[in-house]
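User: I would like to go through the pockets and the aromatic pairs here. Could we take them in turn?

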Amino acid sequence: MLKITIGFIIGLFVSMIGFALLAVFDIQINLTVITNMIIAAATVVATFIHLDSQSKARKDRVWDMNKAVLLDLAHALSDAIEATENELHNLWGGDGQVETKRYAFSNIKDKIDYAINVYKPLMDKDLINSISKHNKTNKETTLEVSQHGLDREDAYEIMLKEHKELYGKVLMFISKISGVKYT
């Protein structure tokens, strides 16, 4: 809508200047001049329409290539967030034990490895950096727990923060390339 408004204002401004110049220089307009002006304007409009459709087609191709891996990654992150929150709930001794989806942790690792190793050239550089950061933090946290005695609760809190951060970035990227607004 903004582009249409700006285009209308610019077109109005150019036409006012054009008519003022015609009046100042006392130029006569005949049917041939009007026809040529209409053809030129139609050519400019057709060029803009073509460029816009090429841009949208490119975005659609990028979305089609990345759709499956991104949706799978978002779902795996959602499961990992839920499983991590359940594990924290169980550690804190809340209202009864909550069953955790144990596969969520291996699933997120598989999806992240797949995104990094297979889809890296097809994704946004910032998203790949975020995925790599998440992967690095996961490895460091696992090492800290197994070798340096990091408390499991602290490890779950670190990973919950990382899962949520990456989940938000994945959703924003999905929103950007799919053309759907994410709020």
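**Aromatic pairs and pockets**

Analyst: Tyr156 counts as buried, at 15% relative accessibility. Please note that this is a predicted model.

User: What does Tyr156 form an aromatic pair with?

Analyst: Its partner is Phe105, in a tilted arrangement with 6.4 Å centre to centre and 35° between the planes. Phe105 lies in helix α3 and Tyr156 in helix α5, so this pair ties together parts that are 51 residues apart in sequence.

User: And Phe105, what is its relative accessible area?

Analyst: Phe105 has a relative accessible area of 24% and is partly exposed, because buried requires a value under 20%.

User: How many aromatic pairs are there by this rule?

Analyst: The count comes to 2 aromatic pairs. Besides Phe105 with Tyr156, Tyr114 and Tyr119 form a tilted pair, at 5.6 Å centre to centre and 55° between the planes.

User: Why does that one count as tilted?

Analyst: The angle of 55° between the planes of Tyr114 and Tyr119 is neither under 30 degrees, as stacked would require, nor over 60, as edge-to-face would require, so the pair counts as tilted.

User: Tyr119, buried or exposed?

Analyst: Tyr119 is buried, with a relative accessible area of 15%. Tyr114 counts as partly exposed, at 42% relative accessibility.

User: Changing topic: how much space lies in the largest pocket?

Analyst: The largest pocket holds about 580 Å³ of space. It is lined by 17 residues, and the closest to its centre are Gly11, Val14, Ser15, Met37 and Ala41.

User: Which helices supply at least two residues of that lining?

Analyst: Both α1 (2-24) and α2 (31-92) do so.

User: How does the lining divide into nonpolar, polar and charged?

Analyst: The lining of the largest pocket has 13 nonpolar residues, 4 polar ones and no charged residues.

User: What about the second largest pocket, how much space is there?

Analyst: About 400 Å³ of space lies in the second largest pocket. Among its 17 lining residues, Phe105, Asn138, Thr142, Tyr156 and Met159 are the closest to its centre. Both members of one tilted aromatic pair, Phe105 and Tyr156, are thus named in that group.

User: Which elements give two or more residues to it?

Analyst: These are α3 (103-117), α4 (125-148) and α5 (152-178). The largest share, 6 residues, comes from α4.

User: And its lining by class?

Analyst: The lining of the second largest pocket has 6 nonpolar, 6 polar and 5 charged residues, whereas that of the largest pocket has no charged residues.

Note on methods. Residues numbered from 1 in each chain as written. Predicted model: local features only at pLDDT ≥ 70, side-chain atom pairs only at ≥ 80, totals over all residues. Heavy atoms only, no water. 1 Å grid on protein atoms, 1.4 Å probe; cavity = no way out; pocket = protein on both sides within 12 Å on 5 of 7 lines; lining within 4 Å. Points joined across faces, edges and corners; volume = space filled by probe spheres on them. Helix = DSSP H or I, 4+ residues; strand = E, 2+ residues; numbered from the N terminus. Nonpolar A, V, L, I, M, F, W, Y, C, P; charged D, E, K, R; others polar. Phe/Tyr/Trp six-rings, centres within 6.5 Å; stacked < 30°, edge-to-face > 60°. Buried < 20%, exposed > 50% of the residue type's maximum accessible area, 1.4 Å probe, protein only.
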